[in-house]
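Visitor: Hi! I'd like to get to know this one before I go back to the bench. Can you walk me through it?

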Amino acid sequence: MPVDEHALRELLDGPAPAGTTSVTEVVRLGKRLVYVRVARTSLIVVLVVGMVAGSLNWLQSAPMPPAVLRSVPTEVDWPRVDLRPASEPQRLDGGEVEPLKALYRCPVSGEPQVGYGEVSGALLGATRTAVTRVLPKTKIGYWDAPTAGITADLDLTDSDGVGSLSVRSATFTGSPIAAADALAFTDSNCEPPKRHITEDGTVVQVYPMVLSEPIPTLTMRARIFRPNGLLVVLEVRNSGSIHVRDGTERQPGRPTLPMTELQLAQLAVWVA
Amino acid sequence: MLRVRDEEFAEFFSARFDTYRRIAHALCGNWSLAEELAQESFVKVYARWSKVRTETADAYLRTVLTRTFLDTKRRGRAREHSVAEVPDTPVGGEHAVPEREVLRAALLGVPPGQRAVLVLRFVADLSVEEAAAALGCSTGTVKSQTARGLAALRAAYPESTRSA
């Protein structure tokens, strides 16, 4: 037989051992191959989805910059007044419950006296409207003026309990800034208040939270010094009308104030 | 639906398995390995049966068989009986056809890539284009590989038999 490429065709002929492969076996192996491919594809999909989900989870749990993490700020970003208290800090015994303990006071003496007068209905109306806007989720009570109209109280109730807001008004002489400086530590606060001056020259000061005695009561105030000589004091307390016994004695109230420093600042700007 | 698919494939298998087992034998020179190559190729065809369908199943089967064979060679799984010297007496017993076995032995002396081209072109009787499609290469490559493969085949053929 010559070496002819066409002779290669004869290799298909001739004796051959009987085949041992059955179609049943091929189908069985083929189905298993399909199953393996599907399982492999599913595993890859699961791994990819898992990696994506894990990455997202990691990103969500990763530490964020403070500005992002604190999505609901509680403090106003106004600058503090550049003044120092006249006296040394004295530690108060506020008990063992935070935040009543570790509070200090810096007693003041010789500060100018202001004469408080009756709070006008217009001021009370404007203040209550402002409260509804600043605290949309808080149940707001009605003004109660038990002390001859000099102070008006308003209960503020939320999930933490009952607190209150009181309003007083007085007059001062001199410029708003000078009056604000003179009363910068009138709450016996050791840290200077934060100050904001509006376009018309009204000075708004938010004071640090202080502890009133003898019954420990948390108090935070904002003072508004208008150019016309009117002083408005907004006082937030951790107690409400339900905590007042025998008309004047105030019992310990809720553990926190009913509004944050930022909310008090917003309220003061509304009222100013 | 699945039963119809299996019946179609069974028909396809019955009509072709022996032919492709012989083609595989021409490629590797070993009946056991040829059986394995053919079986593996048909299994892969079954796994894609819904896509290859009967019209393209032959072309797909040729591609799978050839590539599976070449893969075994690349992975060093050459389980064929390599023949360093073409035997003077053809193997296969007293009923074997001597010339055919000499030719088969000479074919196994051709490099695997060129051997695959020769088998597809002359054993499976494919055109240059069909062989190129099965190998995933150009027709020019098939032509050049054919020429080199034939030269290698002739070189491997015993002198005495060649002049006979």
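Guide: Happy to. One thing up front: this is a predicted model. Let's begin with the inside: the largest nonpolar core has 55 residues, and those with the most contacts inside it are A:Leu8, B:Phe9, B:Phe12, B:Phe42, B:Leu107, B:Leu118 and B:Leu153.

Visitor: Which elements give two or more residues to this core?

Guide: From chain A it is helix 1. From chain B they are helix 1 (2–28), helix 2 (31–47), helix 3 (49–74), helix 4 (98–107), helix 5 (112–123), helix 6 (128–135) and helix 7 (139–156). Helix 1 of chain B gives the largest share, 10 residues.

Visitor: Okay, zoom in for me. What does B:Leu118 touch, leaving out residues up to four places away in sequence?

Guide: On chain A, B:Leu118 touches A:Leu8. On chain B, B:Leu118 touches B:Leu107, B:Val110, B:Val123, B:Thr146, B:Gly149, B:Leu150 and B:Leu153. There is also a second, separate core of 33 residues, which includes A:Leu124, A:Ala130, A:Ala222 and A:Met259.

Visitor: Now the interface. How many residues of chain A are in contact with chain B?

Guide: 29 residues of chain A, and they meet 37 residues of chain B. The two chains bury about 3100 Å² between them, with 68% of that on carbon and sulfur atoms.

Visitor: And what's the salt bridge count between chain A and chain B?

Guide: One salt bridge. A:Lys31 pairs with B:Asp6, and their closest N and O atoms are 3.4 Å apart.

Visitor: Let's switch to chain A by itself. What does its secondary structure come to?

Guide: Five helices and 13 strands. Chain A has 272 residues, and 40% of them are buried. Of its contacts with a separation of 6 or more, 56% are between residues 24 or more positions apart. Chain A exposes about 15400 Å², and carbon and sulfur atoms supply 57% of that.

Visitor: Which residues form a nonpolar patch on the surface?

Guide: A:Ile44, A:Val48, A:Val52, A:Leu56, A:Trp58 and A:Leu59, with about 600 Å² of accessible area together. One of them, A:Val52, sits in helix 1 (residues 23–61) of chain A.

Visitor: Why does A:Val52 count as partly exposed?

Guide: Because its relative accessibility is 46%, and partly exposed covers the range between under 20%, which is buried, and over 50%, which is exposed.

Visitor: New topic: backbone. What's the phi of A:Ser188?

Guide: Positive, about 60°, although A:Ser188 is not a glycine. Most residues other than glycine have a negative phi. A:Ser188 lies in the loop between helix 4 (176–182) and strand 7 (194–197) of chain A.

Visitor: Is A:Ser188 buried or exposed?

Guide: Buried, because its relative accessible area is 10%. B:Asp125 has a positive phi too, near 60°, and is likewise a residue other than glycine. B:Asp125 is in the loop between helix 5 and helix 6 of chain B, and it counts as exposed, at 54% relative accessibility.

Visitor: Last one. Where does A:Asp77 lie?

Guide: In the loop between helix 2 (66–69) and strand 1 (90–91) of chain A. A:Asp77 counts as exposed, with 72% relative accessibility. In sequence, A:Asp77 and A:Ala265 are 188 residues apart, yet their C-alpha atoms are 9.7 Å apart in space.

Notes. Residues numbered from 1 in each chain as written. Chains lettered and ligands numbered in written order. Predicted model: local features only at pLDDT ≥ 70, side-chain atom pairs only at ≥ 80, totals over all residues. Heavy atoms only, no water. Patch = residues over 30% accessible without salt bridge, like charges linked within 9 Å, V, L, I, M, F, W, Y side chains within 5 Å. Areas by Shrake-Rupley, 256 points an atom, 1.4 Å probe, with all protein chains shown as cover. Salt bridge = Lys/Arg side-chain N within 4 Å of Asp/Glu carboxyl O. Helix = DSSP H or I, 4+ residues; strand = E, 2+ residues; numbered from the N terminus. Buried < 20%, exposed > 50% of the residue type's maximum accessible area, 1.4 Å probe, protein only. Core = buried A, V, L, I, M, F, W, Y, C linked by side-chain atoms within 4.5 Å. Contact = heavy atoms within 4.5 Å. Buried area = accessible area lost by both parts, 1.4 Å probe.
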